[in-house]
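I am opening a notebook on a structure that is new to me, and I mean to write down what I looked up, step by step. The structure itself comes before the entries.

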Amino acid sequence: MSVTMNTLQALDQYMTTYASSDNSDSNRKYNRRNSRFAMHDSSELQNLYSTIQWKNRFAPLYLTDPTPRSIAYAIHLKESANSLKRTIGSLSEDDDLFSMKSAYSDNESLASVEYEPDDAEGEVPTDFTLEVENFASPQVNTSKFLKTNQPVSLDPGSYSFDILTNKLHYELQFNIHEGDTNKDLQNKLSRLINNSDIGVSAKVIETRGLAALEVTSDAYGLPVQGERHFSIEDDNTTYRSGIVDYLGLNKTIKEATNAIYSINGNEESSYSNTFNVHGAYHVTLHPENSAAGTASMSDRITAHASAVTSANNASARIGLYPDAESLSNNIETFVEGYNRFMNGVINDETETALTKLLSKDLHKFLDLHSYNLEKYGISVNEDATLDYQKSDVITDASAIKSFGSQILRKLSAISLDPMEYIDRRICAYSNPNASYPNPYMTSIYTGMLYNTYM
């Protein structure tokens, strides 16, 4: 296939917008599972290729005049359809649509949970008690609190200091100019450390006309090697020394800690605040929600600490919802994902001419299934979005599973050739009696270059 300006526009639009992110799916709860459904084996790729061949064998020849806006819309429509397919896939277990069990935590502010049956280790209990004694925390070095507007008392010139981690040794160099204040110096070092990308981050904390530099390790938990994740020195450095002592970068060091918790009374520990229980339960602790974690800045100055790791033996009950409630949760997540899909591809900023075909087609599709959808409390709006009245008493899932199969086929068709939803003229029809592929070049939009299938 020859490379044309339209091809390059399509590639550029895709690579700059979708190559490194899934911007159409804002539901983080299912992102981890969704990523599994973005990967395909060779048989699926072969099936996709065969489908593209079959479609082009009987497709007429179209005359299109794609604008940059219509190219962007077609690509966004394809990616949005793929995202919704992955959301539906994440709600299914062993290809059984909407059968995924969902987990709950009765103390979401302490611990949230996701359920991944594929990761199960042996028999998974339906519930357990989690007690948290300590959160995992990073190492934090807090400098002296100095007057923000006071001039730096070090002589102007070139300075440097070393940050030593368990693996590497970094020398950071900077200049002090005449008239620089303490805050200027701290901000400069904060930017220098953050831009270096060396496994630590820095920020300036201020209160009551005072400021300090806070340096934090990216790693949580006790170091695998050595006593600390990093140390700051300037004893043997290239340029002038003195900055470590002046700022007191080693004055207050809060050591990293492991998370300490118990499962049904059995104590365990973790290097991070995210860990697995019985493989299938993926638990995330939230130290930011603890009372101590919201301490005022004045309290932090007094205590010379930047975070508090104690959870005061807080507890949560974690387990699986009953099947009926899990099904209801799955339907709710599907409706949210579908509405994100619709709001993403049909909005006030999109030209009506670009969206009218899709809106009309989806409304017709939903009308065909409205009777079955109403059984589950799902209603179709005039703009082809859905409303859902949640119910936990649903027991028969056959109708919603049938609908799920149908909408997956519809989304696959949209993903395969989103140009179906952009106005185009038919120039010639293929010979319906011919058994060979038509002689016309395969549309650059059919399959959309496979993108995430690669």
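**Entry: a cluster of rings.** I began with the aromatic side chains of this predicted model, and I noted that ring pairs join Phe98, Phe334, Tyr338, Phe341, Phe365 and Phe403 into a cluster. A search through the whole structure gives 11 aromatic pairs, and I picked two of these for a closer look.

**Entry: two ring pairs.** A pair of aromatic rings is described by the distance of the centres and the angle of the planes. For Phe161 and Phe174 I found the ring centres 6.1 Å apart and the planes at 65 degrees, and since an angle over 60 degrees counts as edge-to-face, that is the class of this pair. The pair connects distant parts of the chain, with Phe161 in strand β7 (residues 157-165) and Phe174 in strand β8 (residues 169-176), 13 residues apart. I then asked myself whether Phe161 is buried or exposed. Phe161 has a relative accessible area of 1%, so I wrote it down as buried, and Phe174, at 6% relative accessibility, counts as buried too.

The second pair I looked up belongs to the cluster of the opening entry, in which both Phe334 and Phe403 are listed. Phe334 and Phe403 form an edge-to-face pair, with 5.8 Å from centre to centre and 75 degrees between the planes. This pair also links distant parts of the chain, for Phe334 sits in helix α8 and Phe403 in helix α10 (residues 398-416), 69 residues apart. Phe334 has a relative accessible area of 0% and is therefore buried, and Phe403, with 2%, is buried as well.

**Entry: helix α4 against helix α8.** As Phe334 lies in α8, I went on to the packing of that helix. How are helix α4 (residues 68-90) and helix α8 (residues 323-345) placed relative to each other? They pack at an angle of about 180 degrees, and their axes are 10 Å apart. Because an angle over 145 degrees counts as roughly antiparallel, α4 is roughly antiparallel to α8. On the α4 side I listed Tyr73, His76, Leu77, Ser80, Ala81, Leu84, Thr87 and Ile88, and these meet Thr333, Phe334, Gly337, Tyr338, Phe341, Gly344 and Val345 in α8. Sorted by class, the contact of α4 with α8 holds nine nonpolar and six polar residues, and no charged ones. I noticed that Phe334, Tyr338 and Phe341, which take part in this contact, are also named in the ring cluster.

**Entry: helix α4 against helix α10.** I next turned to the packing of α4 with α10, where the angle is about 150 degrees and the axes are 8 Å apart. With the same cut-off of 145 degrees, α4 is therefore roughly antiparallel to α10. I recorded the crossing of α4 past α10 as left-handed. From α4 the contact takes Leu77, Lys78, Ala81, Asn82, Leu84, Lys85 and Ile88, and from α10 it takes Ile407, Leu408, Leu411, Ser412, Ile414 and Ser415. By class I have eight nonpolar, three polar and two charged residues in the contact of α4 with α10. Leu77, Ala81, Leu84 and Ile88 are in this list, and they are in the list of α4 residues that meet α8 as well.

**Entry: single positions.** I looked up Asn381 and found it in the loop between β18 (378-380) and β19 (386-388). At 22% relative accessibility, Asn381 counts as partly exposed. Leaving out residues up to four places away in sequence, Asn381 touches His363, Leu386 and Asp387. Of these, I checked His363, which is 18 residues from Asn381 in sequence and 8.7 Å away in space, C-alpha to C-alpha.

Asn149 lies in the loop between β6 (146-147) and β7, and with a relative accessible area of 67% it is exposed. Asn149 and Thr181 are 32 residues apart in sequence, while their C-alpha atoms are 5.4 Å apart in space.

Thr142 belongs to strand β5 (residues 138-142), and at 7% relative accessibility it counts as buried. Between Thr142 and Ala202 I noted 60 residues in sequence and 9.7 Å in space, C-alpha to C-alpha.

**Entry: the whole chain.** To close, I looked up the totals: the protein chain has 10 helices and 20 strands, and 44% of its 454 residues count as buried. Among contacts between residues at least 6 apart in sequence, 76% join residues at least 24 apart.

Note on methods: Residues numbered from 1 in each chain as written. Predicted model: local features only at pLDDT ≥ 70, side-chain atom pairs only at ≥ 80, totals over all residues. Heavy atoms only, no water. Axes fitted to C-alpha atoms, helices over the stretch in contact; angles between N-to-C directions. Helix = DSSP H or I, 4+ residues; strand = E, 2+ residues; numbered from the N terminus. Parallel < 35°, antiparallel > 145°, perpendicular 65-115°, else oblique. Contact = heavy atoms within 4.5 Å. Nonpolar A, V, L, I, M, F, W, Y, C, P; charged D, E, K, R; others polar. Phe/Tyr/Trp six-rings, centres within 6.5 Å; stacked < 30°, edge-to-face > 60°. Buried < 20%, exposed > 50% of the residue type's maximum accessible area, 1.4 Å probe, protein only. Left-handed = near helix turned anticlockwise from the far one by under 90°.
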